[in-house]
Structure formats: structure tokens, C-alpha cells
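Biologist: I would like to learn how to read a model of this kind. Please give the general idea first and then the case at hand.

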Amino acid sequence: MTDWAFLLLPWETQWWLIALFALTAWCYGRGLVRRRRWRDVPAALAFGIGLSSMYVVMQTGVDYYAQYMFFIHRIQHLILHHLGPFLIALSMPSAILAAGAPGWLRRLGALIVESPPIRLLYRILQQPFIAGFLFVGLIFYWLTPSIHFDAMLSARLYWLMNLSMAVDGLLFWWFMLDPRPPGATPVTRGIGLRVLVLWAVMVPQIALGAWIYLNPNVVFDVYAVCGRAWPVSPLLDQQLGGLVTWIPAAMMSVISTLILIRFIFNHERRPTVSDAAPQSATS
Amino acid sequence: MPCRYLIALSLGASLLAACSSGEPEWNGHDIAGIMPDLTYELTNESGETVTEAARAGYPRLMFFGYTYCPDICPITLARIQAALKQLPEAQREAMRVLFVSVDPERDDPARLREYTSGFGDQVIGLTGSQKQLKALHKRFRVTYGYGEPDDDGFYLVSHSSAVFAFDRQGQARLLFNQDVTADQMAADLSRMLASAP
């Protein structure tokens, strides 16, 4: 009985994070009800799974296991940085969220999104090279053994690590899975360029995952220092973590490429933006 | 003009680098400011409930383990013993080593007393209820877990392999992992004790 409570309740409660998730879910649910459209259902499924998976790995007992088992930590980051944001971006939730958000929140959101400094920052972060560099750079940064050591020991760094992964994941997949025709907005890039970035981020992830998996020595000794959630060979834990970093992470690039190819067909079926409104076309 | 900025920037960077390299590196891991003060409520070798106040004023080392531990615990306790032997007498006499058993099921106070006496007078055995042990572990962001018992009822316990060092005020200062030798530990402890009165 206590085990259920342990699994369902947060290991380290972050009230503001729970509030943020609750507000997002509430707005989305309200938006769905207000729109009453059957074609929202697949998107709602993707959004629901993405949002709840990100909540589960941060604010339930899963977070405890992620702190004390390397391979579970890697699964946590796979969800925070790849799978959760991928599903959320794929569902294109802006319209439904806006439909469900109360007026003051919608105005506040618009004020933030349209303010010049935020727009500039967003354009910089969504520059293809920078987006790809950040995506891979953060994985490498937090997996640098000495930095990883500190991040697992310090509560503050630990949350900074997880939040930076979640935010960067959302930015990256938002950039990647923008379904509008290239040039629709200044950050809607050509499909070819996006596929290039996807494959460019895949190679270093494979290399890092393989390096962790094949390493004969325990590189991440912080899990021995802090103790593991249950007795397991440190090398086995590390190898499993390496595989998670290697295979599913790289698979995401392949799956996304297929989705992007599908976008090309969609774009070809309707008039491109440059035909309809030549003045807005930039690329 | 951009050239001037570059020069200023590189000057600034080298100044910063010069500042950060002033302090010599510890052999262990500096956890001052990262980890909280020592606070606990546990059971001692006489079966009495004790808190950190019982050893207030002593610099302390803390290590988690269990008496049936086949490898890490005896090796680490022996290494601590070897490190303490290298300290000047006054420093050595002041140190206390807290061995916190995470296996209260098998490690009763009597067994703990017998076990710790094998590693010198300064080693103090402590254990507690699961609630007390979990509170202490969560505070220091460490954990433990039990393996499945074999046919004889023997089971392994996963636990932290770190040795935490606290100064006289009970403030967390250093963390030694398994790579740190007895000589390195002694050097760090001597420096820590010298720097904090």
C-alpha cells in the first residue's frame, strides 16, 4: 500500500511544476471541450501521452529511481528531451490551448510571445545550427562525468539539468515538426535542412551511447557514491544506460525523418506560401 | 574596433582563470555549500536514540554500510583507519567515524558494536528505523536497497560507497569515493582540520 503512495507521489515535490502541468492540462482539456472536433482526438492523444510522460518522470516515484539508477536516469532524459516534447510538438497544441485558456492567460501569453526580446531569442535558438548544437550539446554537457557527478549530488543542479533538457526538447521538436510550408514563418525551415539537422544530431548521440555501452570501466561513479536503488552490477547499469542513449534516441531521428517526408507530400498538395503571399516568403 | 573587444575579452578570461586556479585541488570532492549540515536521529550501539548533538564539536566522517557487507564496507573502514593513523595525534583523537548500518534487520546494536570495534576506537556504529534511515539518506541525496534473499536467507544490500567528511560545526566539507587512497584522505583531512578551528 505504501508502495503505491511512493510510486504516485513526487519524490521531491516542486509545487510550481505541478501547478504548471495542471494549468496546461486544464487549458487543453477546456479547449478540447469547447472545440468539439473529432479530428482533435489523435492530437489530443499525442499531447496527453507526451505531457503525462513528462510529469511522471519528474513528479512521481520514477524520479527516485532515476536519481539512483543510471539506466533509469537515461530513460528519464529520453522522455524529457525526446519522446515527451516530440509528442507534444507533433500534436500542435497551440490552437487548442488558446481555445481553452482564460482570457487573461491568453493575453499574457500573447504579450510574452510577441515581445521583441523573446521573439529575437526564439529566432536565435531556432536557428538550425544553434538548435542542433544545443540539442546535442546539452546531452554531452550533462553526461560529462565530472558535471554529471555534481548534478546528481546537488539538488539545485539536478533540477536545472532536468528542466534544461525539457525546455530544449520542446524547442527542438517544435522547430523540427513545424507542419507549415517552409517560409510560412521566419523559423519554418526547409524540409531538407531539417532532415540534415536530424541526421547531424543522430551521429554524435550514437557515438556517445556506444562509448558508454562499450566502455569497460564504470565512467559514472556517482551512482556508486550515492548508492543504487537496488543491488545491480555497476557495469550492467551503465551498459543499459548506454543502450538507451544510443538506440531509441537515434531512432527518433529516423522516425522524424519519415514524418518530415510526409510533410513534403502535404505541402505539395496545397499552394505554397510563396505562391499565395510572396512578400512573406523568406528562406 | 572588434579587435579591441577581443583583446579585452581574452584579458578578462585569463584574469578569471587566474583567480579560479588560486586554491589547490582537494583529493576528495569539495561538497561545501552543495550538501547540507549533518543532522540525524538514529540508534547507537547501546540501543539508545541519539542525534548529531551527541558528537557535536567533533569533526566526523560518515559512511553507510552493513556488517554482512562482503567487500566495500570492510575495505573502506580499513582505509579510514589507515588514513586516521597518519594524522597528528591531536587531530586523530578528535575525529569520529560514524558507521551507519542500512540493514537494521540483521545489524542489532550488539552486532554493530562487535563489528565496529574491529576498526578502531573512533568508529561508532549507528542504525535506525527505515524512516530514520530514509530521512538521513534523502538529506544527503543517497540511497540503499535490498536484494532478494538466497536459500540461506542471505541478501545483498546496495548502499552509498561515499565517505562524507564534516567539520566541527557539522558542516559538510568533503566526499571521498572509492578511488581516494588512505594517503590522499589523510592529506585532505589534515588540511580540513587545520583550516577550520
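Modeller: Start with burial: a residue is buried if 20 or more other C-beta atoms lie within 10 Å of its own, exposed if 12 or fewer, and partly exposed in between, with C-beta atoms placed from the backbone. A:Met92 has 17 other C-beta atoms within 10 Å, so A:Met92 is partly exposed. This is a predicted model, in which local features need pLDDT of at least 70 and side-chain atom pairs count only at pLDDT 80 or more, while totals for chains, interfaces and linings use all residues. Residues are numbered from 1 along each chain as its sequence is written, and chains are lettered from A and ligands numbered from 1 in the order in which they are written.

Biologist: What is the sign of phi at A:Met92, and where does A:Met92 sit?

Modeller: A:Met92 is not a glycine, yet its phi is positive, about 45 degrees. Its place is the loop between α5 (70-90) and α6 (94-100) of chain A. Helices (H or I, at least four residues) and strands (E, at least two) are DSSP runs, numbered from the N terminus. B:Arg141, also not a glycine, has a positive phi of about 55 degrees. B:Arg141 is in the loop between α5 (130-139) and β7 (145-146) of chain B, and counts as buried because 22 other C-beta atoms lie within 10 Å.

Biologist: How many helices and strands does chain A have?

Modeller: Chain A has 15 helices and 0 strands. For overall size, take the radius of gyration over C-alpha atoms and set it against the globule rule, 2.2 Å times the number of residues to the power 0.38. Chain A has a radius of gyration of 20 Å, close to the 19 Å from the rule for 283 residues, so chain A is as compact as a globular protein of that length. Its C-alpha trace spans about 60 × 40 × 35 Å along the principal axes. Of the 283 residues in chain A, 35% are buried.

Biologist: How does one check a helix for length?

Modeller: The expected span is 1.5 Å times one less than the number of residues. Helix α7 (residues 103-114) of chain A has 12 residues and should span 16 Å; its end C-alpha atoms are 16 Å apart, which agrees. α7(A) is hardly covered, with 0 buried residues among its 12. In chain B, helix α2 (residues 72-86) has 15 residues and an expected span of 21 Å, and its end C-alpha atoms are 21 Å apart, which agrees.

Biologist: Which residues of α2(B) are buried?

Modeller: B:Cys73, B:Thr76, B:Leu77, B:Ile80, B:Ala83 and B:Leu84 are buried. They lie on the same side of α2(B), because they cover an arc of only 120 degrees around the axis; the arc is that of the directions from the helix axis to the C-beta atoms. For what covers them, use contacts: two residues are in contact if their C-beta atoms, placed from the backbone, lie within 7 Å. The cover includes β4 (60-65), β5 (96-101) and α6 (182-195) of chain B.

Biologist: What is the general idea of a sheet?

Modeller: Strands of a sheet pair through backbone hydrogen bonds, either parallel or antiparallel. Two strands pair if DSSP finds at least two bridges between them. In chain B, 8 strands form an open sheet with mixed pairing, in the order β1-β10-β9-β4-β5-β6-β2-β3. β1 (29-30) and β3 (49-51) of chain B stand at the edges with a single partner strand each, so one side of each has no neighbour in the sheet. β1(B) runs antiparallel to β10 (residues 172-176) of chain B, joined by 2 bridges; B:Asp30 has B:Leu174 as its bridge partner there.

Biologist: Which strands pair with β4(B)?

Modeller: β4(B) pairs with β5(B) in the parallel sense over 6 bridges, and B:Gly65 has B:Ser101 in β5(B) as its bridge partner. β4(B) also runs antiparallel to β9(B), with 4 bridges. β4(B) is mostly covered, as 6 of its 6 residues are buried. B:Arg60, B:Met62 and B:Phe64 point one way from β4(B), while B:Leu61, B:Phe63 and B:Gly65 point the other way.

Biologist: Is B:Thr67, in the loop between β4 and α2 of chain B, buried or exposed?

Modeller: B:Thr67 counts as buried, with 20 C-beta neighbours inside 10 Å. Not counting residues up to four places away in sequence, B:Thr67 touches B:Ser101, B:Asp107, B:Arg111, B:Leu112 and B:Tyr115.
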